[in-house]
Amino acid sequence: MIDFKKAIHLVYSNPGRGNLESYFKTHFPEDKIQIHCIYNDLTTGPLNDFTSAPDFEKFSSYWKTIDAVCSPETIENNEENSINFNDLSKEFSIDFPKETPLIIWHGSDAGEKLMLYRYCNLLKNRDLYEINLDDWPTTLKNDYRTNCLAIQNPEDLDGVFNILNEIDENTKSFYANEWERLKKDQKTNRILQDDRVISVNEDYYDQSILDNCTSDYQKAARVIGETMGKQKSTIGDYYLLYRTHMLIDQQLLEYQGDLSIMRDLEIRKNKLHPVE
């Protein structure tokens, strides 16, 4: 089996990277172990290979549209969008040294599965290895949380490399085909359902937002936090803020406060337009 200390570890999300870095610093402080992370959300927005300028433009344009709704002052002040080609090129790079083993960390999380599918598709000619956290016992008992790297306690990962496996060619082909299937779908949201990633409509989370609202004003941050916590798949608070804006535009929600600042925004169900 490969030496995991000499591998590049492919992870998803900044919390996931942080947990793995903490584990390595604690258990292997003398070793310089490489971690490569996809920080941006693969579960929301247009899905493509992220290997070219047009790919990145489609992705960044989608989030600029959401910025125009949630943070219009950014557009009005001509502030540069935080997503740029150079950063995305590095983040979504597949130009790894050929002699270096690649280990993909994933669990029961839509974003991590999408990362896995993408690498298996674009690196189909490479030997790829995995740490499948669904095979690793978690101490968390919350039914609403996934078994992804981001929620792991680094102190509980001792011995995790006992579940390191090479991804066989049949499995790699299956994952690669899943990536192609999801790319062809025009829907902008993806969730994990029955251990498979599926595409859902843009308004998929709307009913959950409404269900967490009452006839009294509540902080939007609280409603959005409760909505996030009740999802089987992870979803970002910024996207839920965008959907909250859409519900306000549809007059399904009333608001008071600053629309662009989640902590200053309060929302409630619109009494004149009750949800059926």
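Two strands pair if DSSP finds at least two bridges between them. Helices (H or I, at least four residues) and strands (E, at least two) are DSSP runs numbered from the N terminus.

The model is predicted: local features need pLDDT of at least 70, side-chain atom pairs count only at pLDDT 80 or more, and totals for chains, interfaces and linings use all residues. Residues are numbered from 1 along each chain as its sequence is written, and side-chain values use heavy atoms, with hydrogens and water left out.

**Exercise 1. The open sheet**

Task: Determine the strand order of the open sheet of 5 strands, and identify its edge strands.

Solution.
- Step 1. The order is S2-S1-S3-S4-S5, and the pairing is mixed.
- Step 2. Strand S2 (34–38) and strand S5 (164–166) each pair on one side only, which makes them the edge strands.
- Step 3. From one strand to the next, the twist averages 30°.
- Step 4. Helix H5 (residues 110–122) packs on the sheet, where it touches S1, S2, S3 and strand S4 (128–132). Contact here means heavy atoms within 4.5 Å. The direction of H5 makes about 155° with that of S3; axes are lines fitted to C-alpha atoms, for helices over the stretch in contact, and angles run from 0 to 180 degrees between N-to-C directions.

**Exercise 2. Strand S3**

Task: Describe how S3 is joined to S1 and to S4, and establish how many of the residues of S3 are buried.

Solution.
- Step 1. S1 and strand S3 (residues 102–106) run parallel and are joined by 3 bridges. Isoleucine 8 has leucine 102 of S3 as its bridge partner, and histidine 9 has isoleucine 103.
- Step 2. S3 and S4 also run parallel, with 5 bridges between S3 and S4. One partner in S4 is asparagine 132, bridged to histidine 106.
- Step 3. Buried means under 20% relative accessible area, exposed over 50%, and partly exposed in between (1.4 Å probe, protein chains only). Because 5 of the 5 residues of S3 are buried, the strand is largely enclosed by the rest of the structure.
- Step 4. Both faces are covered: Leu102, Ile104 and His106 are buried on one side, Ile103 and Trp105 on the other.

**Exercise 3. Helix H1 and the residue before it**

Task: Compare the span of H1 with its expected value, locate the buried face of the helix, and characterise serine 13.

Solution.
- Step 1. The expected span is 1.5 Å times one less than the number of residues. For the 14 residues of H1 this gives 20 Å, which agrees with end C-alpha atoms 20 Å apart.
- Step 2. Gly16, Arg17, Asn19, Leu20, Tyr23 and Phe24 are the buried residues of H1. They fall within an arc of 165° seen down the axis, so they line one face of the helix; the arc is that of the directions from the helix axis to the C-beta atoms.
- Step 3. The buried residues of H1 pack against S1, S2 and S3, while Lys25 and Thr26 are exposed on the other side.
- Step 4. Serine 13 lies in the loop between strand S1 (8–12) and helix H1 (14–27). Its relative accessibility is 14%, and therefore serine 13 counts as buried.
- Step 5. The phi of serine 13 is near 85°, a positive value in a residue other than glycine. Most residues other than glycine have a negative phi.
- Step 6. At the start of H1, a side-chain oxygen of serine 13 reaches to within 3.1 Å of the backbone nitrogen of glycine 16.

**Exercise 4. Helix H6 and serine 199**

Task: Repeat the span and face analysis for H6, and then list the contacts of serine 199.

Solution.
- Step 1. The 16 residues of helix H6 (residues 169–184) should span 22 Å, and the end C-alpha atoms are 23 Å apart, which agrees.
- Step 2. Lys172, Tyr175, Ala176, Glu178, Trp179 and Leu182 are the buried residues of H6. Their arc around the axis is only 150°, which puts them on the same side of H6.
- Step 3. These buried residues pack against H5, S4 and S7, whereas Asn170 and Lys184 are exposed on the other side.
- Step 4. Serine 199 is found in strand S7 and counts as buried at 12% relative accessibility.
- Step 5. Leaving aside neighbours within four places in sequence, serine 199 is in contact with Leu182, Asp185, Lys187, Asn189 and Arg190. The side chains of serine 199 and aspartate 185 make a polar contact (3.4 Å). A polar contact is a pair of N or O atoms within 3.5 Å; within protein, one must be able to donate a hydrogen and the other to accept it, and residues adjacent in sequence count only if both atoms are side-chain atoms.
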